[in-house]
Amino acid sequence: MKIIETGAAAHAHAFSRPRQRPSILVPTMGALHRGHEELIRVARHHAGENGEVAVSIFVNPLQFEPGSDFEKYPRPALEDEKICRATGVNLLFRPLASEMYHGDQSVCVDETALSSALCGASRPGHFRGVCTVVAKLFNLLAPDAAVFGEKDYQQLAIVRRMTRDLNFKIEIIGVPTVREADGLAFSSRNQYLNTDERAQATLLRRAALAGQQLAEAGETSAEKLIAAAKQVLAAGKSTRIDYVNLVDSETLQPLTVLRPNALFALAVFIGRTRLIDNLRLA
Ligand code: PAF
């Protein structure tokens with residue numbers, strides 16, 4: 001596995017790669033878990049045996065809003081490197097922040113429609129940070145495709161829109177969420193949870209399933225579906241709802257009535273840890 005830590009070396013590598021050798025990028029912030037391993041597996045499937053699977057690990061300061069968990073975000077560099085080797089990654093790109101951002105950087109990538117809802121509403125500037133760093137990774141590594149998890153559904157939709165609108169010739173591949181046996185979606189932030197909070201974290205999936213169950217019983221009022229989910233979440237003594245919403249899965253705009261392509265999306269604090277999940281309802 002080749003490890004690259006500077007932007008110049010990333011450029012040199014990307015632009016000396018034979019064009020017929022596909023490169024599939026898995027952008028991450030590290031603290032790799034089974035969800036990331038699935039992204040790497042899908043990347044390998046698309047790259048083929050002789051193609052390149054590239055993983056980037058960069059805890060991107062620009063996507064953390066003030067007062068959030070940037071400082072304490074886990075950075076287990078050695079374990080991450082081990083996982084990359086064990087999963088057959090060909091290239092690990094792990095730059096320092098000084099390699100990615102000039103102190104006086106004044107250009108960012110702003111998506112202005114899909115970012116206004118859901119996490120974008122509660123985390124101002126978050127998706128500007130995501131779009132900016134993903135655009136930089138695309139420019140530095142010039143992949144043929146990039147793989148993103150559907151757990152971060154809004155991020156995936158925004159990256160697709162950015163790729164389209166800025167004419168990146170890169171295929172964006174979405175990968176279904178990987179879950180623990182009890183339904184909790186894998187997330188690097190799960191490791192913040194203590195035992196008691198970890199038990200309550202299963203409420204996110206249970207809340208979404210409660211909404212789905214009611215929908216399957218014929219209920220179409222978004223208000224009622226959301227209320228059913230909120231009732232499940234209320235059972236947790238450390239849960240605080242950021243949002244529970246029913247939205248159109250393409251525009252991410254709220255729906256009042258269930259219709260095809262609806263997405264149930266939720267963000268919930270368990271103690272001090274904010275977790276997200278989603279479920280396609282129809
Ligand atoms: O999903 C993530 O881990 C990050 O938001 C990403 C896409 C790597 C950008 O920093």
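## A charged pair across the chain

R94 counts as partly exposed, because its relative accessibility is 24%, which lies between the 20% that bounds buried residues and the 50% above which a residue is exposed. This value, like every other in this report, was computed from a predicted model. R94 forms a salt bridge with E5, and the closest N and O atoms of the two side chains are 2.9 Å apart. The two residues come from distant parts of the chain, 89 residues apart: E5 sits in the loop between β1 (2–4) and α1 (7–16), while R94 sits in the loop between β4 (91–93) and α4 (97–100). E5 is also partly exposed, with a relative accessibility of 41%.

## Other salt bridges

The structure holds 16 salt bridges in total, and two further examples can be set beside the pair described above. In one of them, E65 is joined to R123, with 3.0 Å between the closest N and O atoms. E65 belongs to the loop between β3 (52–57) and α3 (77–86), whereas R123 belongs to the loop between α5 (118–122) and α6 (126–141), so this salt bridge ties together parts of the chain that are 58 residues apart in sequence. Are these two partners buried or exposed? E65 has a relative accessible area of 19% and is therefore buried, and R123, with a relative accessible area of 10%, is buried as well.

In the other example, the side chains of D182 and R198 meet in a salt bridge with an N to O distance of 3.0 Å. Here D182 lies in the loop between β6 (171–175) and α8 (195–201) and R198 lies in helix α8 itself, so the parts tied together are 16 residues apart in sequence. D182 counts as partly exposed at 38% relative accessibility, and R198 is partly exposed with a relative accessible area of 22%. Salt bridges can also share partners, and in this way E5, E81, R85 and R94 are joined into one network.

## Where two helices meet

Two packed helices are described by the angle between their axes and by the distance between those axes. For α1 and α6, the axes come within 7 Å of each other and cross at roughly 55°, an angle that makes α1 oblique to α6. The residues that meet at this place are G7, A10, H11, A14 and F15 on the α1 side, and N139, L140 and L141 on the α6 side. Which kinds of residue make up this contact? They divide into 5 nonpolar residues, 3 polar residues and no charged ones.

## Helix α9 and its surroundings

Helix α9 runs over residues 203–216, which is 14 residues, and it reaches 19 Å from its first C-alpha to its last, a span close to the 20 Å expected at 1.5 Å a residue. Several of its residues are buried, namely L203, L204, A207, A208, A210, G211, Q212 and A215. The elements that cover these buried residues include α8, α10 (222–233), β7, β8 and β9 (273–280). After α9 comes G218, which has a positive phi near 110°.

## Unusual backbone angles

Most residues other than glycine have a negative phi. Against that background, N167 is worth a look, since it is not a glycine and yet has a positive phi, near 60°. N167 is placed in the loop between α7 (153–165) and β6, and it counts as exposed at 65% relative accessibility.

N261 is likewise not a glycine, although its phi is positive at about 65°. N261 is found in the loop between β7 (239–248) and β8 (262–270), and with a relative accessible area of 35% it is partly exposed.

## Two residues in loops

K151 lies in the loop between β5 (145–149) and α7. Its relative accessibility is 15%, which is under the 20% limit, so K151 counts as buried. Once neighbours within four places in sequence are left aside, K151 is in contact with T177, A185, F186, S187, I276 and N278.

R75 is found in the loop between β3 and α3, and it is partly exposed, with a relative accessible area of 42%. Again leaving aside neighbours within four places in sequence, R75 is in contact with V59 and F70. The C-alpha atom of R75 is separated by 38 Å from that of A282, a residue 207 residues away along the chain.

Key:
Residues are numbered from 1 along each chain as its sequence is written. This is a predicted model: local features need pLDDT of at least 70, side-chain atom pairs count only at pLDDT 80 or more; totals for chains, interfaces and linings use all residues. Side-chain values use heavy atoms; hydrogens and water are left out. A salt bridge is a side-chain nitrogen of Lys or Arg within 4 Å of a carboxyl oxygen of Asp or Glu. Helices (H or I, at least four residues) and strands (E, at least two) are DSSP runs, numbered from the N terminus. Buried means under 20% relative accessible area, exposed over 50%, partly exposed in between (1.4 Å probe, protein chains only). Axes are lines fitted to C-alpha atoms, for helices over the stretch in contact, and angles run from 0 to 180 degrees between N-to-C directions. Angles under 35 degrees count as roughly parallel, over 145 as roughly antiparallel, 65 to 115 as roughly perpendicular and the rest as oblique. Contact means heavy atoms within 4.5 Å. Ala, Val, Leu, Ile, Met, Phe, Trp, Tyr, Cys and Pro count as nonpolar, Asp, Glu, Lys and Arg as charged, and the others, Gly among them, as polar. The expected span of a helix is 1.5 Å times one less than its number of residues.
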